[in-house]
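Hi everyone, thanks for making time. I'll put the structure up and then walk you through a few parts of it.

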Amino acid sequence: MADFSAAIIPPGVEAASLAAGLVTALRRAGLSASPDRAVRLAEALRLIPPFAREPLYWTCRVVLVSSREQISVFDAVFAAVFDALIDPADSRGPAKAPPAIGSGARLRPSPPSGLTNAPNSLPKASPPALFPGRERPEEEAGAERAAILAMASTEERLHETSFAELSAEEVARVRQLVREIAFSTPVRLSRRTRKSSHSSARLDIRGTVRAARRAGTDATRLFYAHRSPRQRQLVLLCDVSASMEPYTRVFLSLLQGAVTGARAEAFVFSTRLTRLTRQLAVRNPDQALARAAASAPDWAGGTQIAESLRRFIDAHGRRGLARGAVVVVLSDGWAQDDPELVAAQMERLKRLAYRIVWVNPRKADANYQPLVGGMAAALPYCDAFVSGHSYAALAEVATAVRDGRRTTQERQGTS
Amino acid sequence: MSNAARSGAERDVQQLVPDVPSLIAALDDGDYLADVGLATALFLAVRLPQPILLEGEAGVGKTEAAKALARVLDTPLFRLQCYEGIDAGEALYEWNHQRQLLGIRLAEVRDAALNESDLFGPQYLLRRPLLQAIEHPGPRPAVLLLDEIDRADAEFEAFTFELLAEAAVTIPELGTIRATHPPVVVLTSNRTRDLHDALTRRCLYHWIDYPAPARIAEIVRRRVPGSAGPLAQEAASAITKMRSLDMAKPPGIAEAIDWVSALSVLGITHLDAPTVEKTWGSIVKNRDDLELVGARGAAWLVGDGHG
């Protein structure tokens, strides 16, 4: 957050245009702020007159921000807009930032140019930030996006070929197929009840009495209710570090298909963790991938599996997302961090999750043995270990997700 | 939102909460310490009026903020704890069927005349928090707390918001009940899932940050009688220090309060390594964390200075 120097808004600026200008600037920076927010802000500013920067900051933030992730972007835009406005001679403001409040329409620059210069953004090669999604190095994301968005033709042999050996056109085709993979998780009993005709279910006294009342007689027919089954939450954690790069382009489509088709939660990680559910939840796949690429800042970086898992568990998993869920980790297990730490985090995850499926494309290699490093440490906590390196192999992933608690090995052993 | 929500707060409320500093003072009188950000958020929630969504780590006082707000407005607080599968019967209203049946039987036994309207009278209506908040007769609006809204299903979220936007409920047997004083709505979320856009669009939003040691100490002093002196400050800085460790469950304000209460029950007025070791259980609630903190040692925790 920038300094709260006691600066005062010039008297000529009125609340409505101030609100409209800030909302416009935020929208240019990629923060969805609908026009009704501007109306609300104008009203709020009537209640809290903006005499100093601090009340103005809080008023705007409370009205315009709707999640924690947006706060850093908001801070940057707020600083860019108001520092220039409050003190026009101030040269700290980014040159490309909106020159003044309520200025005329202008083409929306695809990367929010104001942001990269804003005082709040961090240097590119910084250590993992405290929260995911804080910074957005746009150039990197742009290049990645271009690679991801390549398009082309179809072939059957693609099914068995490892993703790493596919050309750009083939990848595009496979991605289309992969997106169609339907995931379904094991069910659990929800707290919701359904009417049932089986007397083995619990007697629904309220339902019975209600029916009797409607009929105007004593209770002549008994109603039962059973707890309705519900699919477990599916959580996908995808490694997007450099070593996984040949596979990520396809796995991202898998993530997108799962998010739109099976209401899964999707995260990517390499040196930090980014939640992508939101970005991937649009129907248009190209748009989804572009949005995803833009919001995860650490594509093709190093891998910190333990650290990423810890962040996932602390910020999301233990709050309920991983509880009783099927967690799929897509990673080659080549981690920079200590295997012991990986094991510790996997143990925590194991305590929360119903089932952990680990997808490792290196497993396809006949000589591959998960003996070293993070993979060896993680393996004892996995319920299933599959390769998922080709389209055909992804079917195994779908099976592993669908299976009950028993491991695939056990299943093969008993049948 | 309806136009009614745009007309601003009632005069009574306006007088009670004229501006942000006075709200801070009033919350302070009710033993709730709010910073400018939170106070601005609550002020706007009351005065616009507009529902407010509060998020923050466990134990930063999200629920407490709603309670404090109710104290400031001197109105009742209706709290709805959300959980998966919660439905209208538990949130809004339900007919008390058992009692209705009993009423019929009694009428039969006594040979009394019984009309249908008798059976659907208010005495047979089980009022749940949403209805209670809407029915609240005033003179000022009630505070309605929808706690952990992210635990409820998405459909329930939508249902609740429709209801609150209308500020009216239609019960087929009784007719429409319209709120004379639409409640001040506070929602809290633990971020287990993304809330629906429709909800976030209608809400103000505030992220409550974890407070600095001085503020924790102040909160503890307010909440634990007889914890004046250095104990609160010492406990607060110990807990802040502990939060710098990489713990699975970092202690929050609630733990600080529990801990200082425990210490004062034990008659301890000054924190040192042996007392910390005796009372780990109040602040560390996970075996891994206990090992982690134990490795650093209690002496480190109460170590001199703030380093």
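So, how many residues of chain A are in contact with chain B, and how many of chain B with chain A? Before I answer, keep in mind that this is a predicted model. The count is 28 residues on chain A, touching 26 residues on chain B. On the chain A side, the elements that give two or more residues are helix 2 (35–47), helix 3 (53–64), strand 1 (187–196), helix 8 (205–215) and helix 10 (277–280). Helix 3 of chain A has the largest share, with 6 residues. As for the chemistry, that side of chain A splits into 11 nonpolar, 6 polar and 11 charged residues.

Let's zoom in on one spot, G85(B). You'll find G85(B) in the loop between strand 2 and helix 5 (88–91) of chain B. What does G85(B) contact, once you leave aside its neighbours within four places in sequence? Three of the partners are on chain A, namely S190(A), R191(A) and R192(A), and then there's D153(B). Is G85(B) buried or exposed? Neither, really: there are 17 other C-beta atoms within 10 Å, so G85(B) counts as partly exposed. Also have a look at E155(B): E155(B) is 70 residues away from G85(B) in sequence, yet C-alpha to C-alpha they are 9.8 Å apart.

Staying with chain B, here's the overview. Chain B has 17 helices and 9 strands, and 39% of its 307 residues are buried. If you take the contacts between residues at least 6 apart in sequence, 77% of those in chain B join residues at least 24 apart.

Now strand 5 of chain B, residues 143–147. Four-residue burial is the thing to look at here: 4 of the 5 residues in strand 5 are buried, so call it mostly covered. Which strands does strand 5 of chain B pair with? One is strand 2 (residues 77–81), running parallel to strand 5 over 5 bridges, and Q81(B) is the residue that stands opposite D147(B). Another is strand 8 (residues 184–189) of chain B, also parallel, with 4 bridges. Within that pairing, L144(B) has V185(B) as its bridge partner.

For you helix people, there's a packing pair in chain B as well. Helix 2 (residues 20–29) packs against helix 3 (residues 36–47) at about 105 degrees, and the axes are 9 Å apart. That angle makes the two helices of chain B roughly perpendicular. From helix 2 of chain B you get V20(B), L23(B), I24(B) and L27(B), and they meet V36(B), A39(B), T40(B), L42(B) and F43(B) from helix 3. By class that contact has 8 nonpolar residues, 1 polar and no charged.

Last stop, back over to chain A and its open sheet. What's the strand order there? Reading across, the 6 strands go 6-5-4-7-8-9, with mixed pairing. Strand 6 (273–275) and strand 9 (384–386) of chain A are at the edges with a single partner strand each, so one side of each has no neighbour in the sheet. The twist averages 20 degrees from one strand to the next. Inside the sheet, strand 4 (residues 234–239) and strand 7 (residues 326–330) of chain A run parallel and are joined by 5 bridges. One bridge pair to click on is C238(A) with L330(A) in strand 7.

That's my tour, so over to you.

Definitions and conventions. Residues are numbered from 1 along each chain as its sequence is written. Chains are lettered from A and ligands numbered from 1 in the order in which they are written. This is a predicted model: local features need pLDDT of at least 70, side-chain atom pairs count only at pLDDT 80 or more; totals for chains, interfaces and linings use all residues. Two residues are in contact if their C-beta atoms, placed from the backbone, lie within 7 Å. Ala, Val, Leu, Ile, Met, Phe, Trp, Tyr, Cys and Pro count as nonpolar, Asp, Glu, Lys and Arg as charged, and the others, Gly among them, as polar. Two strands pair if DSSP finds at least two bridges between them. Axes are lines fitted to C-alpha atoms, for helices over the stretch in contact, and angles run from 0 to 180 degrees between N-to-C directions. A residue is buried if 20 or more other C-beta atoms lie within 10 Å of its own, exposed if 12 or fewer, and partly exposed in between; C-beta atoms are placed from the backbone. Angles under 35 degrees count as roughly parallel, over 145 as roughly antiparallel, 65 to 115 as roughly perpendicular and the rest as oblique.
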